[in-house]
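Q: Please take a close look at the sheet in this model, and then follow the description outward to the helices and to the aromatic side chains. A formal, connected account would be preferred.

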Amino acid sequence: MAKAIHSMIRVLDEQRSLAFYETAFGLKVAERLAFEGFTLVYLSNGDSEFELELTINHDRTEPYALGDGYGHLAFSVDDVGAEHARFDSLGLSPTSLKELTLEGKPPARFFFVQDPDGYKIEVLQRGGRYR
């Protein structure tokens, strides 16, 4: 059976992105591979084997155009309200906390935040299908 191992995004400023992902989600560098022309940085934490791969193209000077095809990354947390307050206190500008209701039940409580390159990241209350 196939196993999801990472998702890749292109970032303009490696240090700014590393600071954001560590501050917001506790992700730390698992491995950094510097090649001629580009660098791959794999970020992870102890809560999941899944990694975020940052690609830094050395000659890139302009921000990437995200287009209309990109959706979002998602992280689950134990207490979405507390995380929302933490993000807000750190100046990370989270969107308002939202709750979806389906057939009278709330399957999801969440908010979004954007990283320094504009990628949307959903932060969900852990539970149900969002483990």
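A: In this predicted model, Thr39 stands opposite Ile56, a residue of strand 4. Thr39 belongs to strand 3, which covers residues 38-45 and is joined to strand 4 by 7 bridges, the two strands running antiparallel. Strand 3 and strand 4 form a hairpin, and 2 residues lie between them.

Strand 4, residues 48-57, also pairs with strand 1; here 5 bridges are found and the strands run parallel. Two positions illustrate this pairing. Ser7 has Leu52 of strand 4 as its bridge partner, and Ile9 stands opposite Leu54, again in strand 4. As a general matter, the strands of a sheet pair through backbone hydrogen bonds, and the pairing may be either parallel or antiparallel.

Taken as a whole, the sheet is open, with 4 strands in the order 1-4-3-2 and mixed pairing. Strand 1 (6-10) and strand 2 (28-35) stand at its edges; each has a single partner strand, so one side of each is left without a neighbour in the sheet. From one strand to the next, the twist averages 20 degrees.

The helices may be considered next. In general, two packed helices are described by the angle between their axes and by the distance between those axes. Helix 1, residues 14-25, packs with helix 2, residues 80-89, at an angle of about 140 degrees, and their axes are 10 Å apart. The contact brings Thr23, Ala24 and Phe25 of helix 1 to Glu83, Arg86 and Phe87 of helix 2. Sorted by class, this contact of helix 1 with helix 2 has 3 nonpolar residues, 1 polar residue and 2 charged residues.

Glu83 merits separate attention. Glu83 is placed in helix 2, and its relative accessibility is 19%, so it counts as buried, the limit being under 20%. Leaving aside residues up to four places away in sequence, Glu83 touches Ala24, Val77 and Phe111.

Phe111 leads to the aromatic side chains. Ring pairs link Phe111 with Phe20, Tyr21, Phe25, Phe75 and Phe87 into a cluster. When rings are paired by having their centres within 6.5 Å, the count comes to 9 aromatic pairs. In one of these, Phe20 and Tyr21 have ring centres 4.9 Å apart and planes at 90 degrees, and the pair is therefore edge-to-face. Phe20 also pairs with Phe25: their ring centres are 6.3 Å apart and their planes stand at 75 degrees, so this pair is edge-to-face as well. The three residues named in these two pairs are buried: Phe20 has a relative accessible area of 7%, Tyr21 has a relative accessibility of 0%, and Phe25 has a relative accessible area of 10%. Phe25 thus joins two parts of the description, because it belongs to the aromatic cluster and is also one of the helix 1 residues that meet helix 2.

One further ring remains to be described. Arg60 lies over the face of Tyr64, at 3.9 Å from the centre of the ring.

How values were computed: Residues are numbered from 1 along each chain as its sequence is written. This is a predicted model: local features need pLDDT of at least 70, side-chain atom pairs count only at pLDDT 80 or more; totals for chains, interfaces and linings use all residues. Side-chain values use heavy atoms; hydrogens and water are left out. Rings of Phe, Tyr and Trp (its six-membered ring) pair if their centres lie within 6.5 Å; planes under 30 degrees apart count as stacked, over 60 as edge-to-face and the rest as tilted. Buried means under 20% relative accessible area, exposed over 50%, partly exposed in between (1.4 Å probe, protein chains only). A charge sits over a ring if NZ of Lys or CZ of Arg is within 6 Å of the ring centre and within 35 degrees of the ring normal. Axes are lines fitted to C-alpha atoms, for helices over the stretch in contact, and angles run from 0 to 180 degrees between N-to-C directions. Contact means heavy atoms within 4.5 Å. Ala, Val, Leu, Ile, Met, Phe, Trp, Tyr, Cys and Pro count as nonpolar, Asp, Glu, Lys and Arg as charged, and the others, Gly among them, as polar. Two strands pair if DSSP finds at least two bridges between them.
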